[in-house]
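Visitor: I've got a model open and would like a walk through its strands, rings and cores. Could you take me around?

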Amino acid sequence: MGVMTSNRKRPEECMSVNHSNSDSHRKRPKFSTRPVSFSSSVVSRLSRYPEAKPPLVREVHAPCRPRKFEAYRFKARASACDDGMGNVLFGNYEKAKRSALSKFRFLSHEGKEVIDVDTESEEPRFISEDSSVEEVVEVSDDDLGDNVRVQQQSTSSLDSELTNGNLRVVSGGKVWGSEMGDLSSVHVYKKLLEAVGRRNDTIQRLNFEIELNEKRRESYNLSRPEKGLVKEVPHEPFVSLTGEEEDEVECAFKANRKKILVTHENSNIEITGEKFQCLGPGAWLNDEVINLYFELLKEREQREPRKFLRCHFFNTFFYKRLVSGKNGYDFKSVRRWTSQRKLGYGLLECDKIFVPIHQEIHWCLAVINKKDEKFQYLDSLNGKDSRVLKVLARYFVDEVKDKTGKDIDVSTWEKEFVEDLPVQENGFDCGVFMIKYADFYSRGLGLCFNQEHMPYFRRRTAKEILRLKAE
């Protein structure tokens with residue numbers, strides 16, 4: 001291209017533009033006398049000699065040190081081509097490209113606007129080899145300024161370079177554009193996103209399972225029958241003590257231990273200062289206090305029979321005497337405890353019969369629930385003793401046979417270990433729980449109290465014993 005020709009002429013003759021007329025039919029000038037601004041030959045030259053592609057960046061997954069002496073390598077590579085034929089080709093290519101870009105900046109047409117090229121676009125840019133389209137520009141010979149036809153077959157690499165030259169993406173306070181060369185951080189970020197995505201999927205799955213289990217529990221709670229007898233907490237069992245009552249209880253706790261504080265004539269039970277101390281914080285209830293409180297509950301029922309259920313309260317020695325026989329059962333030893341003359345009423349007329357059970361160092365309550373045909377066992381530690389319910393079932397059959405001469409069948413009665421009940425959270429309030437079970441059941445109420453009410457129940461029971469009146 002300009003150095004040697006097919007007819008082996010000298011370079012000076014080939015590059016000369018003033019040939020004689022005799023050679024005009026054989027030789028054509030390599031460069032046209034028309035402006036080389038933007039002819040088809042220039043475009044063909046551009047497409048024939050694409051720009052060099054930068055070396056591929058090695059993909060790494062660790063911090064990469066910047067490559068040094070990059071500018072020096074570029075200059076060395078350019079100087080390597082700066083000899084002989086390479087020098088001419090490279091120089092002609094750069095001149096043609098700069099001329100085309102400078103002329104293209106001012107191309108216009110009637111009614112159309114052409115994007116002005118930024119000054120940065122004149123600098124050498126690298127064009128990727130995978131660009132398979134080109135910009136075709138035709139310039140008529142007659143009028144270069146008036147008749148300009150631009151035919152765009154597809155988006156060329158040059159056009160994309162011009163239109164996207166000013167495109168920058170701003171994200172997180174940093175400018176991301178064509179200057180990004182190292183993609184290692186992008187791959188690391190993608191892996192982090194994938195890991196976070198998997199973690200989020202696990203969290204979403206666990207949240208879904210939690211919500212599903214909560215909905216199942218709510219549906220189960222709605223389907224379960226209500227065991228409480230009342231829905232609202234009543235006011236009477238939780239009436240606060242007045243200042244006078246508080247002072248009275250406090251003086252009783254400070255009294256002489258041998259002093260008799262109260263005496264119940266019907267049951268012949270005496271409460272001394274020493275026995276009264278069991279109602280203090282952290283103490284176990286003794287038999288005298290429990291038996292006297294049950295006597296007061298029976299008297300409360302007799303005062304207001306319409307307000308309370310008809311009940312009978314055995315004392316703490318009844319069950320011990322009942323199971324004191326050789327075979328673990330002795331009805332005869334307790335047969336006279338429930339005579340009409342002694343009680344003043346018939347045992348079979350009662351709706352509920354309460355039996356306190358002492359399990360070595362723990363108090364429980366058993367109930368012969370004639371009204372609902374149940375044998376119930378209430379333990380503040382959720383314990384179960386099936387032997388107690390079997391003994392009471394046998395006793396009730398013998399009691400009915402002894403008092404009425406009738407045989408009854410209690411095999412169809414339910415033996416219930418009450419589970420949905422208040423439980424104790426220490427090792428000394430079992431006696432208070434037991435007497436309050438009987439108190440609330442005799443009222444016809446559900447067990448709507450808990451461990452937090454125990455200090456109040458202790459002082460209230462002390463006040464009721466001192467005044468010999470249960471409320």
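Guide: Sure. One ground rule before the strands: two of them pair if DSSP finds at least two bridges between them. Also keep in mind that this is a predicted model.

Visitor: In which sense do β9 and β10 pair, parallel or antiparallel?

Guide: β9 covers residues 362-369, and 5 bridges tie this strand to β10. One spot to look at is Leu365, which stands opposite Leu378 in β10. The sense of the β9 and β10 pairing is antiparallel.

Visitor: Which residue in the turn of that hairpin has a positive phi?

Guide: The hairpin is formed by β9 and β10, with 4 residues between them. Look in that turn for a phi of about 55°; the residue is Glu373.

Visitor: And β11, what stands opposite Phe375 there?

Guide: β11 spans residues 414-417 and runs parallel to β10, with 4 bridges joining the two. Along this pairing, Gln376 stands opposite Glu416. For Phe375, the residue opposite in β11 is Lys415.

Visitor: Which helix goes with β10 and β11 in a β-α-β unit?

Guide: The unit is right-handed, with β10 and β11 as its strands. Its helix takes up residues 386-404, and that's α12.

Visitor: Why is β10 described as largely enclosed by the rest of the structure?

Guide: Buried here means under 20% relative accessible area. β10 runs over residues 374-378, and it is largely enclosed because the number of its 5 residues that are buried is 4.

Visitor: On to the rings. How are Phe253 and Phe276 arranged: stacked, edge-to-face or tilted?

Guide: The count of aromatic pairs comes to 20. For Phe253 and Phe276, the ring centres are 5.0 Å apart and the planes are at 45°. Stacked needs planes under 30 degrees apart and edge-to-face needs over 60, so Phe253 and Phe276 are tilted.

Visitor: How many residues apart are those two in the chain?

Guide: Phe253 belongs to helix α7 (residues 243-253), while Phe276 belongs to helix α8 (residues 273-276). The pair links distant parts of the chain, and the separation is 23 residues.

Visitor: What about Phe314 and Phe318, stacked or tilted?

Guide: Phe314 is buried at 3% relative accessibility, and Phe318 is buried at 0%. Their ring centres lie 3.7 Å apart with the planes at 10°. That angle is under the 30 degrees cut-off, so the Phe314 and Phe318 pair is stacked.

Visitor: Which lysine has its charged end over the ring of Phe457?

Guide: Phe457 is in a cluster linked by ring pairs, with Phe238, Phe433, Tyr437, Phe440, Phe449 and Tyr456. Over at Tyr441, the charged end sitting above the ring is that of Lys352. For Phe457, the charged end is 4.5 Å from the ring centre and comes from Lys436.

Visitor: Last stop, the largest nonpolar core. Which element gives the largest share of residues?

Guide: That core has 48 residues, and Leu279, Phe294, Leu378 and Phe449 touch the most other members. Elements giving two or more residues include α7, β9 and α14. The largest share, 9 residues, comes from α13.

Visitor: How many residues make up the other core?

Guide: It lies apart from the largest one. Tyr329, Leu347, Cys364 and Val410 are among its members, and the residues number 31.

Definitions and conventions. Residues numbered from 1 in each chain as written. Predicted model: local features only at pLDDT ≥ 70, side-chain atom pairs only at ≥ 80, totals over all residues. Heavy atoms only, no water. Buried < 20%, exposed > 50% of the residue type's maximum accessible area, 1.4 Å probe, protein only. Right-handed = clockwise from strand over helix to strand, strands pointing away. Phe/Tyr/Trp six-rings, centres within 6.5 Å; stacked < 30°, edge-to-face > 60°. Lys NZ or Arg CZ within 6 Å of the ring centre and 35° of its normal. Core = buried A, V, L, I, M, F, W, Y, C linked by side-chain atoms within 4.5 Å.
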